[in-house]
Amino acid sequence: MNPIKLLVITSLIVFTAGCATNSAKVNFDKNTEIETINYKTFAWLTNAKIMAAPVDINPVMKERVDKSIEDAFIAKGYRLVDNAENADFAISYTVGSRDKIKVNSYPATYNSGFGWGRGYYGGRGYYGTMSMGTETSVRQYTEGKLAIDVYDVKNHQPAWHGWATKRLSSEDKETPSATLNEIVIKVVNQFK
């Protein structure tokens, strides 16, 4: 393959991979002592629905999160019931964000100066300098986190904990509903 074509293709792959790095990181932890395969119905653990609301939570956004989580479990085939005691499992969630700072430090470009002739102190031959520095970049960003908890009603034990973290972009902050629904679906899809 032509080296120029190879360089162009490699550049496109690196650029595409760089664009995809801002997706949510999703994970879960399951209580292996509780069998969840026969679950059919769910309810909210408390009337507030959220486990511990942040002080600055937007009440409109909270309602969107509540609805999105309900819809995601219903889409998986579970039926919502009003009373938690009559359900197979109960759900709750936590949500929040925090400002973070990322510091990168890496070697700077190799800087050197050299020449031929009389050196600084009168010596003949090669003279020069070599230096290697460090470049540091500091980036501040906001990371959002959503965690959904499932509790077994019969055993009164936690059965499953799923969570997602995502670096929030300005687009995520301007249109949070689309991002929120996508993340909730990814987390709930991990539940089995």
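Which residue in β8 is the bridge partner of Asp29? In this predicted model, where local features need pLDDT of at least 70, side-chain atom pairs count only at pLDDT 80 or more and totals for chains, interfaces and linings use all residues, that partner is His161. Residues are numbered from 1 along each chain as its sequence is written, and side-chain values use heavy atoms, with hydrogens and water left out.

**Sheet**
- Six strands (DSSP E runs of at least two residues, numbered from the N terminus) form an open sheet with mixed pairing in the order β1-β8-β7-β4-β2-β3, where two strands pair if DSSP finds at least two bridges between them.
- The edge strands, each pairing on one side only, are β1 (25-30) and β3 (79-80).
- β1 and β8 pair in the antiparallel sense over six bridges, and Val26 has Ala164 in β8 as its bridge partner.
- β7 and β8 are likewise antiparallel, over 11 bridges; Asp152 stands opposite Gln157 in β8, and in the hairpin of these strands, with four residues between them, His156 takes a positive phi near 55 degrees.

**Helix**
- The helix α2 (helices being DSSP H or I runs of at least four residues) lies across β2, β3, β4 and β7 and runs at about 110 degrees to β4, the angle being taken from 0 to 180 degrees between N-to-C directions of axes fitted to C-alpha atoms, for helices over the stretch in contact.

**Contacts of Phe73**
- Not counting residues up to four places away in sequence, Phe73 touches Phe42, Tyr78, Phe89, Ile91, Ile148, Val150, Val188 and Phe191, contact meaning heavy atoms within 4.5 Å.
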